[in-house]
Amino acid sequence: MAGLKEWLGPGRGDARLFLLYSALFHIGLLGMAEVLLNFYFVSLGHSPETIAFLQSLPRLAGFLTSVPVSLLTNRIGTRRVILHSTLGNAALFAMLVLLPSLPLLAVNRFLQGFLYGAQQIALAPLMVTLVRKDEQTGFFALHNVVSMAAMSFGSLIGGTMPTLMVSLFAGIAPAASVASVQTPFAYGAALVAAGLVVLVSVVPFLFVRGASAVVTTVQGIRAPAARTPWLYLTLLALPMLSFGFTGGLTFPFYNLFFRSRFTISDQLIGTILSIGWLGMALVPLANPLWEKRFGRVNTLALTMTIAAVAFLGLAFAPTLALTVIAFTVAISFRNVMQPLFQPMVLDHLPVELHNTIGGMSMVMWNIGWFAATAISGHLQNTFGFGFIMQVVAVGVLFTGATVVLIFRKRSRYLAASVLKEDRI
């Protein structure tokens, strides 16, 4: 892996600007907002079932729109897709606060899933153009460090934002207290602040010059005239189905999990989540070393097994300290999947299919996530979070097994044969 000085040194302008963009984006959208959003819904009076429904809608949107967005990305370019989706995500924070009725919250969450999915589809194909081929695993690992560290920082400050908002607007809201902090005004103002951070992330991205070209040809034929090997792409993306399911059962609800099990404050929950996100940043940093020692497939099998054991620990941990340790280990080793799986899949496909496999991966991920969040409210009320964590442990173990079955040894031969037969 390239050293930090090399990545941030001369000639790395696009890489530096992209990492800065990603850091700001993750602070706002996946750091601050993830701590606050469910609490905002609770303050509006919504039940766990309704919150689970709202949290499932982004994944439904991603499922319905990922493939069309991937085809659109081929036409207009990854850079435009990321720019427009980021601006749209920023605007949706204001909509959350200005239009808080349940139908419009549902529309908001659906649009957020569409825009976030578009950004994610375009992200990996853009990233592989910013560095040399032999640097891709290292760059994806470094990007994971930056984005997860940003989420950690965002979660840390996100838990303090409602109190800060009440203090800043003391003339409008009641004096700072637990009662006044846990109100739609306090959470809404904090969410608007998160949206402003997302908006600011656009500034460095405007100067990223890489990957602006549109894919127009496939082996000398214009892209619309080429037949896409959908069955093969579906097979490659299949591990993302169970990966999304395990994420959907847990990530939208970790704040509710810690509050319900230990009755702790928003600020402490934000601190705990930030510890977890920091672990998600640091553990995948070793991806290049593990890849060199074990190979990508075996590394994913090993780390998914460790994560599964930690999720079992999370189900039964009797104290807050042990729960935080199990939580950090579980999500950190599970997160090895994303920065390692993406370049592994792209490496098995020609460049003209990179956006399409991104869309197919998002379809799988969103199907799993949508199904999980749709039933999570019922599972929480009926069986509790302990049972959910046991289900997640099995799902994470299954994810590692599918990676081994699909990618070990035969994948390159399968890629060549399928692509040859399925192209015109």
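What follows is a walk through this structure, from the overall picture down to single residues.

Keep in mind that the model is predicted. The secondary structure comes to 21 helices and two strands. Of the 424 residues in the protein, 58% are buried. Look next at how the chain folds back on itself: if you take the contacts between residues at least 6 apart in sequence, 86% of them join residues at least 24 apart.

Now for the interior. In soluble globular proteins, nonpolar side chains tend to be buried together. Here the largest nonpolar core has 122 residues, and the ones with the most contacts inside it are Phe 18, Tyr 254, Phe 311, Phe 341, Ile 357 and Phe 407. Helix α2, residues 13-43, supplies the largest share of this core, with 17 residues. Tyr 254 makes a handy place to stop and look around. Set aside its neighbours within four places in sequence, and Tyr 254 is in contact with Leu 273, Phe 311, Leu 314, Phe 327, Ile 331 and Met 389. Two of those partners, Phe 327 and Ile 331, turn up again among the buried residues of helix α17.

So let's take α17 itself. This helix covers residues 320-334, 15 in number, and reaches 21 Å from its first C-alpha to its last, close to the 21 Å expected at 1.5 Å a residue. Its buried residues are Thr 323, Val 324, Ala 326, Phe 327, Thr 328, Ala 330, Ile 331, Ser 332, Phe 333 and Arg 334. Note that a charged residue, Arg 334, is on that list.

Helix α12, residues 239-250, is another one to follow along its length. Its twelve residues reach 17 Å between the first and last C-alpha, close to the 16 Å expected at 1.5 Å a residue. Is α12 enclosed, and how many of its residues are buried? Ten of the twelve are, so the helix is largely enclosed by the rest of the structure. The buried ones are Pro 239, Met 240, Ser 242, Phe 243, Gly 244, Thr 246, Gly 247, Gly 248, Leu 249 and Thr 250. Helix α9 can be read in a similar way: residues 184-200 make 17 residues and reach 24 Å from the first C-alpha to the last, close to the 24 Å expected at 1.5 Å a residue. Among the buried residues of α9 are Tyr 187, Leu 191 and Val 198, along with Ala 186, Gly 188 and Gly 195.

From α12 you can step across to helix α19, residues 354-382, by way of Ile 367. The C-alpha atoms of Ile 367 and Gly 248 are separated by 9.7 Å, though the two residues are 119 apart along the chain. Beyond its neighbours within four places in sequence, Ile 367 is in contact with Phe 63 and Leu 241. Ile 367 counts as partly exposed because its relative accessibility is 31%. Gln 380 is found in α19 too, but at 13% relative accessibility this polar residue counts as buried. Not counting residues up to four places away in sequence, Gln 380 touches Pro 48, Phe 253, Phe 385 and Ile 388.

Then there are the helix pairs. Helix α3, residues 48-76, and α19 have axes that come within 8 Å and cross at roughly 170 degrees. That makes α3 and α19 roughly antiparallel to each other. By class, their contact has 14 nonpolar, 15 polar and two charged residues. For another pair, try α6 (residues 136-158) and α15 (residues 287-294), whose axes come within 9 Å and cross at roughly 140 degrees. Antiparallel or oblique? An angle has to be over 145 degrees to count as roughly antiparallel, so α6 and α15 are oblique to each other. In this contact, Thr 137, Gly 138 and Ala 141 of α6 meet Asn 287, Pro 288 and Glu 291 of α15. Those residues divide into two nonpolar, three polar and one charged.

Finally, a couple of exposed spots. Pro 103 lies in helix α5, residues 102-130, and is exposed, with a relative accessible area of 59%. The C-alpha atoms of Pro 103 and Leu 54 are separated by 9.8 Å, with their positions 49 residues apart along the chain. Thr 263 lies in the loop between α13 (254-262) and α14 (266-282). This threonine counts as exposed at 69% relative accessibility, and its phi is near 50 degrees, a positive value in a residue other than glycine.

Methods. Residues are numbered from 1 along each chain as its sequence is written. This is a predicted model: local features need pLDDT of at least 70, side-chain atom pairs count only at pLDDT 80 or more; totals for chains, interfaces and linings use all residues. Side-chain values use heavy atoms; hydrogens and water are left out. Helices (H or I, at least four residues) and strands (E, at least two) are DSSP runs, numbered from the N terminus. Buried means under 20% relative accessible area, exposed over 50%, partly exposed in between (1.4 Å probe, protein chains only). The expected span of a helix is 1.5 Å times one less than its number of residues. A nonpolar core is a set of buried Ala, Val, Leu, Ile, Met, Phe, Trp, Tyr and Cys residues joined through side-chain atoms within 4.5 Å. Contact means heavy atoms within 4.5 Å. Axes are lines fitted to C-alpha atoms, for helices over the stretch in contact, and angles run from 0 to 180 degrees between N-to-C directions. Angles under 35 degrees count as roughly parallel, over 145 as roughly antiparallel, 65 to 115 as roughly perpendicular and the rest as oblique.
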